[in-house]
Amino acid sequence: MSPIVTRGADLPADAAHVPGRTTGELAAHLAYLARAFKAPTIGAVWAELADIARERGWTHEEYLAAVLARQVADREANGTQLRIAGAHFPQVKTLEDFNLDHQPGLRRDVLAHLATAAFAATAGNVILLGPPGVGKTHLAIALGYKAAQAGHPVAFDTATGWITRLTAAHHDGRLPAELKRLGRYRLLIVDEVGYIPFDSPAANLFFQLVAARYEQGSMLITSNMPFARWGEVFGDDVVAAALIDRLVHHAEVITLGGESYRTRARRDLLARDPTAGTRTTATT
Ligand code: ADP
Ligand code: MG
């Protein structure tokens, strides 16, 4: 059986319909059409949904909508998976796993709004500040996931990781091309600004990254250092001020507080079960 190929809007409306095909021929033809259309889900679900449609008396339109909806859902899920794989998150951390009771100062409405990833659509930034162990990386990953799910390309790395990449690009004379390439990510996550001070070339590269993304693409930055100490981090108060100025112009700045979640979890565990200490020290 040769597949029917119809072209052009000038053909009769029923030109694609060939009566008298056997069920087997029709199945083979549908398989061909689904492949040609690059819609594998349609090829996989049309028969099962046709049975359901007959059983429940769906109209033709309802059946078509059900088949297409399955294909669209699969395509979106695949897109999300690709974006999440491409983001290189170091771990899986979700907002659902984030214990808000540990951060009473964190406004839930602000977090809920960030979770919609609207900030990534408008090139807004998010800055998460606070001491070690309070959940900055956890929230950065969780918000990155939400943004990827919402359809935005995301890339995650530590500040040191980004500087290494930019330095390599700079050495090869590819810095402008690399900055342009990074522009296709709607959200760039920079974890751990401040743990390792930047030398002057690194501070300069970081400034170029922030300047290139200003009002073009979002950045989510975490730091253990308050802004007042970014001069120390970047080795230069003027560069730090210029950076902060660009970053906070359209930004949500969130300061997390309290004691380290790791310390607290261990203490709670020890309080419940004094023998648990030996087991937990190894994992924290
Ligand atoms: P930071 O980046 O601020 O140093 P992390 O995000 O790495 O801290 O958090 C340290 C550990 O504690 C991680 O395993 C993280 O998942 C967990 N954690 C921190 N805060 C919370 C919280 N509020 N709810 C659940 N887990 C948390
Ligand atoms: Mg961290």
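# Reading a predicted fold, feature by feature

Me: Is E215 buried or exposed?
Reply: E215 is exposed, because 10 other C-beta atoms lie within 10 Å. The cut-off for exposed is 12 or fewer. Keep in mind that this is a predicted model.

Me: Where does E215 lie?
Reply: E215 is in the loop between α9 (200-213) and β4.

Me: What about phi of E215?
Reply: Start with the general idea. Most residues other than glycine have a negative phi. Now the case here. E215 is not a glycine, yet its phi is positive, near 60°.

Me: Which phi does H88 have?
Reply: H88 has a positive phi of about 55°, and it is not a glycine either. H88 sits in the loop between α3 and α4 (108-115). H88 counts as partly exposed, because 13 other C-beta atoms lie within 10 Å.

Me: On to the sheet. How do strands pair?
Reply: Strands of a sheet pair through backbone hydrogen bonds, and the pairing is either parallel or antiparallel. Here five strands form an open sheet, in the order β2-β3-β4-β1-β5. The pairing is parallel.

Me: Which strands stand at the edges?
Reply: β2 (154-158) and β5 (251-255) do. Each has a single partner strand, so one side of each lacks a neighbour in the sheet. From one strand to the next, the twist averages 10°.

Me: Which strands pair with β4?
Reply: Take β1 (residues 125-129) to begin with. β1 and β4 (residues 218-223) pair in the parallel sense over four bridges. V126 stands opposite L220 in β4. L129 stands opposite S223 in β4. Then there is β3 (residues 187-193). Five bridges join β3 to β4, and these two strands also run parallel. I189 of β3 stands opposite L220 in β4. So follow L220 across the sheet: V126 is opposite L220, and I189 is opposite L220 too.

Me: How many residues of β4 are buried?
Reply: Six of the six are buried, so β4 is largely enclosed by the rest of the structure. The cut-off for buried is 20 or more other C-beta atoms within 10 Å. Both faces of β4 are covered. S218, L220 and T222 are buried on one side. M219, I221 and S223 are buried on the other.

Me: Now helices. How do I describe two that pack together?
Reply: Two packed helices are described by the angle between their axes and the distance between the axes. Try α3 (residues 60-87) with α6. Their axes come within 8 Å and cross at roughly 145°. The crossing is right-handed.

Me: Which residues make that contact?
Reply: From α3, T80, R83, I84 and A87. From α6, G144, Y145, A148 and Q149. By class, four are nonpolar, three polar and one charged.

Me: How do the axes of α2 and α3 meet?
Reply: The axes of α2 (residues 40-56) and α3 come within 9 Å. They cross at roughly 145°. This crossing is right-handed. T41, I42, V45, W46, L49, A50 and A53 in α2 meet E62, Y63, A66, V67, R70, Q71 and D74 in α3. The residues of this contact divide into nine nonpolar, two polar and three charged.

Me: Where is A44, and why does A44 count as partly exposed?
Reply: A44 is in α2. A44 counts as partly exposed because it has 15 C-beta neighbours inside 10 Å. A44 and N99 are 55 residues apart along the chain, and their C-alpha atoms are separated by 41 Å.

Me: Which residues come nearest to ligand 1?
Reply: N99 is one of them. The others are G135, K136, T137 and Y261. In total, 16 residues surround ligand 1. α6 (136-149) and α12 (261-272) are the elements that give two or more residues to this shell. α6 gives the most, with three residues. By class, the shell has four nonpolar, eight polar and four charged residues.

Me: One last residue. Where does T167 lie?
Reply: T167 lies in α7 (residues 159-171). T167 counts as partly exposed, because it has 14 C-beta neighbours inside 10 Å. T167 and F206 are 39 residues apart in sequence. C-alpha to C-alpha, T167 and F206 are 9.8 Å apart in space.

Key. Residues are numbered from 1 along each chain as its sequence is written. Chains are lettered from A and ligands numbered from 1 in the order in which they are written. This is a predicted model: local features need pLDDT of at least 70, side-chain atom pairs count only at pLDDT 80 or more; totals for chains, interfaces and linings use all residues. A residue is near a molecule or strand if its C-beta atom, placed from the backbone, lies within 6 Å of it. Ala, Val, Leu, Ile, Met, Phe, Trp, Tyr, Cys and Pro count as nonpolar, Asp, Glu, Lys and Arg as charged, and the others, Gly among them, as polar. Two strands pair if DSSP finds at least two bridges between them. Axes are lines fitted to C-alpha atoms, for helices over the stretch in contact, and angles run from 0 to 180 degrees between N-to-C directions. A crossing is left-handed if the near helix is turned anticlockwise from the far one by less than a right angle, and right-handed if clockwise. Two residues are in contact if their C-beta atoms, placed from the backbone, lie within 7 Å.
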